[in-house]
Amino acid sequence: MSKLKRFLILPEERVGDRIVVSGSEFHHIVNVMRFSVGDLAILGVGDGVDLLARVHEILKDKVIFRIEEERPNPAEPRLQLSAYLALLKSDHLEFAVQKLSELGLRSVTPFVSEHTVAKGVRADRLVKIARESAKQCERSGILQIRETLSFDRVLRELPLHEAALFCCEFERATGIRQALNALPEGLTRLAVIIGPEGGFSEKEKEEAVRAGAVSVSLGPRILRAETAAVAACTCAMYRFGEMEGAAEVL
Ligand code: SAH
């Protein structure tokens, strides 16, 4: 059986049990992928739910699918992992977003800290990278790019998660393995916080710990921020059993 193709749709393109696709995705489905009436595909809006749908009708500028089944996507992790990344030079942030999307993260929230030098975020580029990555790695959930927060705001929203790991390049006492192993097995919401190229300050570490985060080391070498983000998130996914099983062929 050949593998079903996946397409991302806009929420408003779904009307009851029909999906009406127009614009560039219509062109892609009909003219490039050569879909015809009766063909099956997997469509989704990026919320982690797969819509198994069959082409019902092809019109001049739109293709109409009929939904046959709706089911959670098997590639979406149970662990809802969110990364808070201090602003980085834009290509470094883009790298991090692409890799974190592949690892199955829920969201990336950029923030500004004491030693942050990078100025802004090219949010449109990051959103595009997250969408393209979702397609490439066959996720039906799209990594959400949130608006940039202050460091204070990041700390204030930590209660949204069950635990938060503050990756601190000068932490000596606690390693990430110890911190992850101490978390309860059934945990579902976890945050990882990564500093800027200039690193975190002592004061920021104290504030983060006071806000309930666990300060962790990623080892005796200084990693680039984007490497630290990928490494810490990989460890977390591994700890909660999300690095197992093969990609499902539908
Ligand atoms: N300029 C700083 C390093 C910053 S590295 C210095 O020279 O000390 C950027 C960020 O990556 C850090 O703020 C931290 O969040 C993370 N990071 C890098 N290496 C790390 C390590 N060994 N342990 C924990 N976090 C690390």
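In the predicted model, the side chains of Ser107 and Ser82 are joined by a polar contact of 3.5 Å. Ser107 belongs to strand β8, which spans residues 107–112. Its relative accessible area is 7%. Ser107 therefore counts as buried, since the cut-off for that class is under 20%. Beyond residues up to four places away in sequence, Ser107 touches Leu81, Ser82 and Ala83. Leu143, Gln144 and Arg146 complete this set of contacts. Ser82 thus appears both as a contact of Ser107 and as its partner in the polar contact.

A six-stranded open sheet was also found. Its strands run in the order β1-β4-β5-β6-β3-β2, and the pairing is mixed. Strands β1 (6–8) and β2 (14–15) form the edges, each pairing on one side only. Strands of a sheet pair through backbone hydrogen bonds, in either a parallel or an antiparallel sense. Strand β4, residues 40–44, pairs with β5 in the antiparallel sense. Four bridges connect these two strands. Within this pairing, Ala41 stands opposite Ala53 of β5.

Leu52 lies in strand β5, residues 49–58. With a relative accessible area of 10%, Leu52 is buried, because the value falls under 20%. Leu52 and Leu40 are 12 residues apart along the chain. Their C-alpha atoms are separated by 7.1 Å. Leu40 is also in contact with Leu52, as are Ala41 and Ile42. Further contacts of Leu52 outside its neighbours within four places in sequence include Leu4, Arg66 and Ile67. Glu68, Glu69 and Arg71 are likewise in contact with Leu52.

Two pockets were examined. The largest pocket holds about 530 Å³ of space. Its lining comprises 21 residues. Closest to the centre of this pocket are Pro74, Ala75, Glu76, Glu242 and Ala247. By class, the lining of the largest pocket has nine nonpolar, four polar and eight charged residues.

The second largest pocket holds about 320 Å³. It is lined by 21 residues. Glu169, Ile222, Leu223, Arg224 and Ala228 lie nearest its centre. Helix α7, residues 225–239, gives the largest share of this lining, with three residues. The lining of the second largest pocket divides into 10 nonpolar, six polar and five charged residues.

Terms used. Residues numbered from 1 in each chain as written. Predicted model: local features only at pLDDT ≥ 70, side-chain atom pairs only at ≥ 80, totals over all residues. Heavy atoms only, no water. Buried < 20%, exposed > 50% of the residue type's maximum accessible area, 1.4 Å probe, protein only. Polar contact = N/O pair within 3.5 Å; in protein donor to acceptor, adjacent residues only side chain to side chain. Contact = heavy atoms within 4.5 Å. 1 Å grid on protein atoms, 1.4 Å probe; cavity = no way out; pocket = protein on both sides within 12 Å on 5 of 7 lines; lining within 4 Å. Points joined across faces, edges and corners; volume = space filled by probe spheres on them. Nonpolar A, V, L, I, M, F, W, Y, C, P; charged D, E, K, R; others polar. Pairing = 2+ DSSP bridges.
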